[in-house]
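This report concerns the fold, the nonpolar core and one helix pair of a single chain. Please consult the sequence and the structure shown here.

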Amino acid sequence: MRALVLSVILIFLATPTALAKPLKVTEKTRYYSISGKSAADFAASMSSRGPFSRELRRRVWASATRSLSYRMDYRRSGKTCTNTGARVDMDIIYRMPRLTRRTGIRKSQLRKWRRMYAILLRHEKVHGRYYKQLAKQVHSALARKRTARNCSEIDRWAKETVSKLSAANVRKNLRFETLDRPNFRKMRRIYRGS
């Protein structure tokens, strides 16, 4: 039920940190339409219309994706370059289902839909929390003062640092997928019992 689309955009610009907030995280929710008259219909509709997961090579019911970019600030002095700070931006996008028509659906099925949606949203928000933790870790690591012979060396260090932290974050998110199996079973009971 997950799509981990992890795109890291690397931007290296020398600009004063005073011009911009050093850490910015935005969260947005985008919806796709589903239909049906029962919880089983809702499940089938999500399976056919949900976002595509490259990792799972199939459609999923909901997803949380993130895009991370950063910018290093430098001070050159003689034959050395020192980073004086960093700006980190992260955009988190939740893709969630939206039941487009509620007319003609029994109240009991609408209650099931609300429960299904709540389970999906709770699951994706955990991934969002992990992504926010990553943004803070990246900012904290890149903001530490570091001096090198040239700024390209700092750029390489920053790229490696972000790559390592991102890889650890991917593992954390995949571990959560395994740990959240009870919620998947709860979801299955809702739509199979319709």
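The following paragraphs describe the overall fold, then the core, then the helix pair.

This is a predicted model, in which local features need pLDDT of at least 70, side-chain atom pairs count only at pLDDT 80 or more, and totals for chains, interfaces and linings use all residues. Residues are numbered from 1 along each chain as its sequence is written, and side-chain values use heavy atoms, with hydrogens and water left out.

The chain contains four helices and seven strands, taken as DSSP runs (helices H or I, at least four residues; strands E, at least two) numbered from the N terminus. Their order is β-β-α-β-β-β-β-α-β-α-α. Of the 194 residues, 43% are buried, meaning under 20% relative accessible area with a 1.4 Å probe, protein chains only.

The largest nonpolar core (buried Ala, Val, Leu, Ile, Met, Phe, Trp, Tyr and Cys residues joined through side-chain atoms within 4.5 Å) has 42 residues. Phe42, Met46, Trp61, Met72, Trp113, Met116 and Leu142 touch the most other members. H2 gives the most to this core, with eleven residues. Elements giving two or more residues include those below.

| Element | Residues |
|---|---|
| Helix H1 | 39-49 |
| Helix H2 | 107-143 |
| Helix H3 | 151-179 |
| Helix H4 | 181-192 |

The axes of H2 and H4 (lines fitted to C-alpha atoms over the stretch in contact) come within 10 Å and cross at roughly 165°. H2 is therefore roughly antiparallel to H4, a term for angles over 145 degrees. Contacts (heavy atoms within 4.5 Å) involve residues including Met116 and Leu120 of H2 and Phe184 and Met187 of H4.

Note on methods: Buried means under 20% relative accessible area, exposed over 50%, partly exposed in between (1.4 Å probe, protein chains only). Axes are lines fitted to C-alpha atoms, for helices over the stretch in contact, and angles run from 0 to 180 degrees between N-to-C directions. Angles under 35 degrees count as roughly parallel, over 145 as roughly antiparallel, 65 to 115 as roughly perpendicular and the rest as oblique.
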